[in-house]
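Q: Hi, could you walk me through this one? I'd like to start with a strand and then look at some charged side chains.

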Amino acid sequence: MAVNDTGDLAGSLVEVLSDAMVHFSKSNVCLPLVMQEQRDRADTITFPVYNLGSATVTSADELDSVKKTITLDMFSIRVPIHDEAELSNANDVTGIAGELVGNAMAAKVDSLIVGNFGNFSNTSNDTSNGISVDDIFAALGTLQAESAPAPYAMVHHPKAVFGTFGLSNDLVTSNQFGGSPSLQDDMLKTGFLGTLAGIDVYTTPEIAISSDNAIGAVFSKMAIGFGYAGELMRVEVERKAAALRTDYVGSMFVGTAELADTYGVELTHKVQ
């Protein structure tokens with residue numbers, strides 16, 4: 001019969017939690033780009049949204065506000081580590097388990113947030129062609145016309161930034177950037193595009209591809225809300241002695257929703 005000291009399990013928990021949080025922070029893309037609210041205990045979380053639309057106030061106008069309510073749901077990931085795998089492996093199996101939990105939780109948060117992109121009413125789409133710089137400027141113009149508060153971020157599938165139908169193709173081959181090639185140089189040298197038209201550019205593989213199209217967005221931080229109850233991510237270690245296995249379980253009670261429709265612009269483009 002397998003015997004474990006409770007101190008061993010406690011030590012494993014500390015190590016796994018640390019690794020999970022580090023890799024969550026490294027892997028997650030979207031969470032810092034949206035509004036966040038936390039409650040100790042809650043089924044729903046309400047976000048206040050103020051004065052949508054008008055930046056001009058006259059004697060006949062009021063600064064109005066509405067509330068948007070997010071319903072929370074439970075999500076979890078389990079990483080089973082069998083004794084044989086741990087005892088026959090020279091690697092830090094416990095640390096790897098923490099990495100897997102953190103990466104999985106980060107990916108889930110991203111997938112929930114990007115699920116809001118298709119809800120924006122304003123669009124700058126071209127489902128027959130890859131994304132172009134003109135599409136980004138069009139989205140920027142829309143956000144500014146709607147008085148969406150800066151800064152803005154663009155999040156899209158990696159294939160919408162790199163590759164044949166990616167933004168990189170437009171930057172590297174377009175003649176309109178011949179007189180100011182610094183962005184071309186950055187893309188050619190590093191394969192990285194940090195900012196375009198004052199918009200921070202991010203990619204996440206959690207954006208789904210359907211019929212060769214992917215839905216991204218350019219948006220203000222106030223466009224989307226993300227709420228959670230308790231800790232953002234819980235990590236637990238459960239010993240299954242009869243099965244000669246230790247389960248590492250990550251869980252979170254979270255939810256997300258569009259807050260301000262006019263503060264985001266949908267970008268649907270061909271990616272492959």
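**Strands and salt bridges**

A: Sure, let's begin with strand β2 (residues 44–50), where the side chains alternate: I45, F47 and V49 are buried and point to one face, while T44, T46, P48 and Y50 point to the other and are not buried. Buried means a relative accessible area under 20%, exposed means over 50%, and partly exposed lies in between, with a 1.4 Å probe and protein chains only. Helices (H or I, at least four residues) and strands (E, at least two) are DSSP runs, numbered from the N terminus.

Q: Before we go on, what kind of model is this?

A: This is a predicted model, so local features need pLDDT of at least 70 and side-chain atom pairs count only at pLDDT 80 or more, while totals for chains, interfaces and linings use all residues. Residues are numbered from 1 along each chain as its sequence is written, and side-chain values use heavy atoms, with hydrogens and water left out.

Q: Thanks! Which way does β2 pair with β3, and over how many bridges?

A: β2 pairs with strand β3 (residues 65–71) in the antiparallel sense, over seven bridges. Two strands pair if DSSP finds at least two bridges between them. T46, for instance, has T69 in β3 as its bridge partner.

Q: And how many helices and strands does the chain have?

A: There are seven helices and 13 strands.

Q: Switching to charges: how many salt bridges does the structure hold?

A: Six. A salt bridge here is a side-chain nitrogen of Lys or Arg within 4 Å of a carboxyl oxygen of Asp or Glu. One of them joins E37 and R39 at 3.1 Å, N to O. E37 is partly exposed at 27% relative accessibility, and R39 is also partly exposed, at 30%.

Q: Which residues are linked in a network of salt bridges?

A: R78, R245 and D247. The R245 and D247 side chains meet at 2.7 Å, N to O, and those of R78 and D247 meet at 3.6 Å. Because R78 lies in strand β4 and D247 in strand β12, that second pair ties together parts 169 residues apart in sequence.

Q: Is D247 buried or exposed?

A: D247 is buried, with 2% relative accessibility. R245 is buried as well. R78, in contrast, is partly exposed at 47%.

Q: Where do the strands of D247 and R78 run?

A: D247 is in β12, residues 245–258, and R78 is in β4, residues 73–82.

Q: What else does D247 touch?

A: Not counting residues up to four places away in sequence, D247 touches R78, V79, P80, E236, V237, E238 and K240. Contact means heavy atoms within 4.5 Å.

Q: And which residues is R78 in contact with?

A: Leaving aside neighbours within four places in sequence, R78 contacts R245, D247, Y248 and V249. The C-alpha atoms of R78 and V237 are separated by 9.7 Å, with their positions 159 residues apart along the chain.

Q: Last topic, the chain overall. How many of its residues count as buried?

A: Of the 272 residues, 42% count as buried. The accessible surface comes to about 13600 Å², and 50% of that belongs to carbon and sulfur atoms. Those areas come from the Shrake-Rupley method with a 1.4 Å probe; for residues, only the protein chains shown count as cover.
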